[in-house]
Amino acid sequence: MLAESDETVVVEGNHYFPPESVNEQYFAGSETHTRCHWKGTASYFDVVVDGDTNSDAAWFYPDPSAAASEIKDYVAFWRGVRVES
């Protein structure tokens with residue numbers, strides 16, 4: 001399991017997981033960054049499971065705008081990662 005929490009924050013349909021709920025053994029740093037006009041600059045992780053890498057499959061905002069401050073360092077997923085609630 002990549003992350004597990006009953007305390008996710010849902011923004012624009014994405015579940016953002018608290019940093020302490022993320023299983024760090026499956027994450028590798030990425031040099032990718034994107035910019036959201038209202039949240040700020042996102043940083044990415046590659047997700048690595050059983051030797052297979054899903055590039056940039058997780059993202060977070062290390063320094064979000066004031067409007068998105070509640071998701072600072074929270075991690076969200078895409079690119080085939082399934083979030084179950």
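**Exercise 1. Determine whether D73 is buried, partly exposed or exposed, and describe its backbone.**

Solution. Step 1: D73 has a relative accessible area of 31%. Step 2: the classes are buried for under 20% relative accessible area, exposed for over 50%, and partly exposed in between, with a 1.4 Å probe and protein chains only. Step 3: D73 is therefore partly exposed. Step 4: D73 belongs to the loop between β5 and β6 (75-77); strands are DSSP runs of E with at least two residues, numbered from the N terminus. Step 5: the phi of D73 is near 70°, a positive value in a residue other than glycine.

The model is predicted: local features need pLDDT of at least 70, side-chain atom pairs count only at pLDDT 80 or more, and totals for chains, interfaces and linings use all residues. Residues are numbered from 1 along each chain as its sequence is written, and side-chain values use heavy atoms, with hydrogens and water left out.

**Exercise 2. Locate D56 and state its phi and its burial.**

Solution. Step 1: D56 is in strand β5 (residues 52-60). Step 2: its phi is positive, about 55°, although D56 is not a glycine. Step 3: D56 counts as buried because its relative accessible area is 12%.

**Exercise 3. Trace the strand pairing from β3 to β6, naming partner residues.**

Solution. Step 1: two strands pair if DSSP finds at least two bridges between them. Step 2: β3 (residues 27-36) and β4 (residues 40-49) run antiparallel and are joined by 7 bridges. In this pair A28 stands opposite D46, and R35 has T41 as its bridge partner. Step 3: β3 and β4 form a hairpin with 3 residues between them. Step 4: β4 and β5 are also antiparallel, over 6 bridges. Here F45 stands opposite A58, and S43 stands opposite F60. Step 5: the hairpin of β4 and β5 has 2 residues between the strands, and D50 in the turn has a positive phi of about 50°. Step 6: β5 and β6 pair in the antiparallel sense over 3 bridges, and F60 has V75 in β6 as its bridge partner.

**Exercise 4. Identify the residues of the largest nonpolar core and the elements that give two or more residues to it.**

Solution. Step 1: a nonpolar core is a set of buried Ala, Val, Leu, Ile, Met, Phe, Trp, Tyr and Cys residues joined through side-chain atoms within 4.5 Å. Step 2: the largest has 12 residues, namely V9, V11, Y16, C36, A42, Y44, W59, Y61, A68, I71, Y74 and A76. Step 3: β1 and β4 are the elements that give two or more residues to this core. Step 4: apart from it lies another core, of 11 residues, among them V47, A58, F60 and V75. Step 5: in a regular strand the side chains alternate between the two faces of the sheet.

**Exercise 5. List the contacts of A42 and S21, leaving out residues up to four places away in sequence.**

Solution. Step 1: contact means heavy atoms within 4.5 Å. Step 2: A42 touches T32, H33, T34, W59, F60 and Y61. Step 3: S21, in the loop between β2 (14-16) and β3, touches L2, A3, E4 and S5. Step 4: S21 is buried, because its relative accessible area is 14%.

**Exercise 6. Place D6 in sequence and in space.**

Solution. Step 1: D6 lies in the segment before β1 (9-11). Step 2: with a relative accessible area of 78%, D6 is exposed. Step 3: D6 and S85 are 79 residues apart in sequence, yet their C-alpha atoms are 8.5 Å apart in space.

Terms used: Helices (H or I, at least four residues) and strands (E, at least two) are DSSP runs, numbered from the N terminus.
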